[in-house]
Amino acid sequence: MKEKIELQRERDFSENISTLFQVVRTQFKRLFVSILFIAGPIILIASILLAYAAVQNLDMITNPDPDFLGGMLSAYSRAILGYVGLWFGYSMVGVVTFSYLKVYQHSEDPQAITTDDVWKESKKHILKILLASILTGIMIALGAVFLIIPGLILAIYLSMVNPTIIFEKESVGESINKSFRYISDYFWITVGLAIVVTIITYIMSIAFSIPSAIMGFVLSFNSISSIESGEAAGISDTFKILYLAATMIANLAGMIISAIPNISIALHYFNLKEQKDSTGLMGQISQMG
């Protein structure tokens with residue numbers, strides 16, 4: 001059996017990054033399967049809705065329908081449902097990732113972790129995480145609009161809310177309070193980690209986004225050309241299917257890649273909690289001494 005990674009311990013900046021890659025390398029296969037089966041269907045449906053709404057919208061511009069208003073309402077309804085679905089799906093990726101790490105933390109044999117184990121843990125936290133996502137989203141938006149606390153700064157201070165909910169079983173309100181406490185004195189290292197991990201995940205996601213981006217550009221160019229020429233130029237069914245497929249692949253890849261920043265957040269959470277509370281192995285040894 002491979003040596004188990006000690007999650008709850010103090011780590012400096014470089015150790016955080018190296019442990020992130022270690023977790024990805026050793027656990028990503030089982031985590032990937034869990035994310036795919038639990039959050040994948042949500043992302044897939046949302047991707048289809050968004051891609052179909054985009055195609056329908058441009059198709060109506062290039063090939064006007066008598067019921068133009070009805071078609072536009074239909075397209076926008078699908079788009080709204082798609083974006084809500086993506087938000088829910090990506091929220092579920094966070095729930096699954098943190099739940100997987102919680103199961104891993106308490107498992108005697110991490111190699112035996114199953115998707116069912118992860119689902120049993122995940123479903124305990126779904127409603128609380130969704131409520132926290134809505135509440136923290138509103139707080140960040142208000143902070144950005146009224147500049148009470150700039151949105152990005154507030155987002156950093158709220159970054160430990162979800163792991164606190166899952167690993168400590170705290171209420172949403174108490175998790176917000178603890179998140180501020182954990183980040184205090186460690187704001188800039190948190191910002192640095194966020195920047196590095198964001199760059200890593202952005203680079204990884206570019207390759208999967210290129211096909212759908214190119215096809216989206218072709219669709220937009222086709223609609224502009226049709227408007228300028230005054231001639232209807234419909235979008236072929238083959239192109240629609242390819243665009244749907246490219247969009248689904250990009251979003252599913254993005255879903256899997258988004259587990260990486262969640263792993264980083266979890267590791268940083270354990271690091272901060274250990275430094276604040278000394279509840280890990282080293283803290284227990286210190287207390288025994």
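**Close-up views of an all-helix predicted model**

**View 1. D185 and K276 pair up across the chain.** D185 forms a salt bridge with K276, and their closest N and O atoms sit 3.5 Å apart. This links distant parts of the chain: D185 is in the loop between α8 and α9 (187–229), K276 is in helix α11, and 91 residues separate them in sequence. Keep in mind that this is a predicted model. The two partners differ in how much of them shows: D185 counts as exposed at 70% relative accessibility, while K276 is partly exposed at 25%. Have a look at the backbone of D185 too, since its phi is near 80°, a positive value in a residue other than glycine. For context, most residues other than glycine have a negative phi.

**View 2. D277 reaches over to R181.** Here the salt bridge runs between D277 and R181, with the closest N and O atoms 3.2 Å apart. D277 lies in helix α11 (residues 259–277) and R181 in helix α8 (residues 172–183), so the pair ties together parts that are 96 residues apart in sequence. Both ends are partly exposed, D277 with a relative accessible area of 26% and R181 at 35%. Now zoom out a little: which residues share a salt-bridge network with D277 and R181? The network links E168, E170, K178, R181, K273 and D277. Over the whole structure there are 10 salt bridges. As a general point, side chains of opposite charge can pair when their charged atoms come close.

**View 3. D116 and K120 make a bridge within one helix.** The side chains of D116 and K120 meet in a salt bridge, at 3.4 Å from N to O. Why does this spacing put them about one helical turn apart? Because they are four residues apart in helix α4 (residues 115–122). Neither is buried: D116 is partly exposed with a relative accessible area of 42%, and K120 is partly exposed with 45%.

**View 4. E121 sits in α4 as well, but is it buried or exposed?** E121 lies in helix α4. With a relative accessible area of 9%, E121 is buried, because the cut-off for buried is under 20%. Leaving aside neighbours within four places in sequence, E121 is in contact with S99, K102 and V103.

**View 5. Helices α1 and α11 cross at an oblique angle.** Helix α1 (residues 13–38) packs against α11 at an angle of about 125°, and their axes are 10 Å apart. That angle makes α1 oblique to α11. The crossing of α1 past α11 is right-handed. On the α1 side, the contact is made by N16, T19, L20, V23, V24, F28, L31 and I35. On the α11 side, A259, I260, I263, S264, L267, H268 and N271 do the job.

**View 6. I156 is tucked into its surroundings.** I156 is found in helix α6 (residues 151–157), and at 15% relative accessibility it counts as buried. Which residues does I156 touch, once neighbours within four places in sequence are set aside? They are I183, F187, T190, V191 and A194. Take A194 from that set: A194 and I156 are 38 residues apart in sequence and 8.5 Å apart in space, C-alpha to C-alpha.

**View 7. K169 has an unusual-looking phi in a loop.** K169 is not a glycine, yet its phi is positive, at about 55°. K169 is found in the loop between α7 (161–168) and α8. At 60% relative accessibility, K169 counts as exposed.

**View 8. The whole chain, for orientation.** How many helices and strands does the protein have? There are 12 helices and zero strands. Buried residues make up 45% of the 289 residues. Among contacts with a separation of 6 or more, 78% are between residues 24 or more positions apart. On confidence, the protein averages a pLDDT of 83, and 83% of the residues score at least 70. The stretch 281–289 has pLDDT below 50, and beyond near neighbours in sequence it has eight contacts in the model.

Notes
Residues numbered from 1 in each chain as written. Heavy atoms only, no water. Salt bridge = Lys/Arg side-chain N within 4 Å of Asp/Glu carboxyl O. Helix = DSSP H or I, 4+ residues; strand = E, 2+ residues; numbered from the N terminus. Buried < 20%, exposed > 50% of the residue type's maximum accessible area, 1.4 Å probe, protein only. pLDDT = per-residue confidence, 0-100. Contact = heavy atoms within 4.5 Å. Axes fitted to C-alpha atoms, helices over the stretch in contact; angles between N-to-C directions. Parallel < 35°, antiparallel > 145°, perpendicular 65-115°, else oblique. Left-handed = near helix turned anticlockwise from the far one by under 90°.
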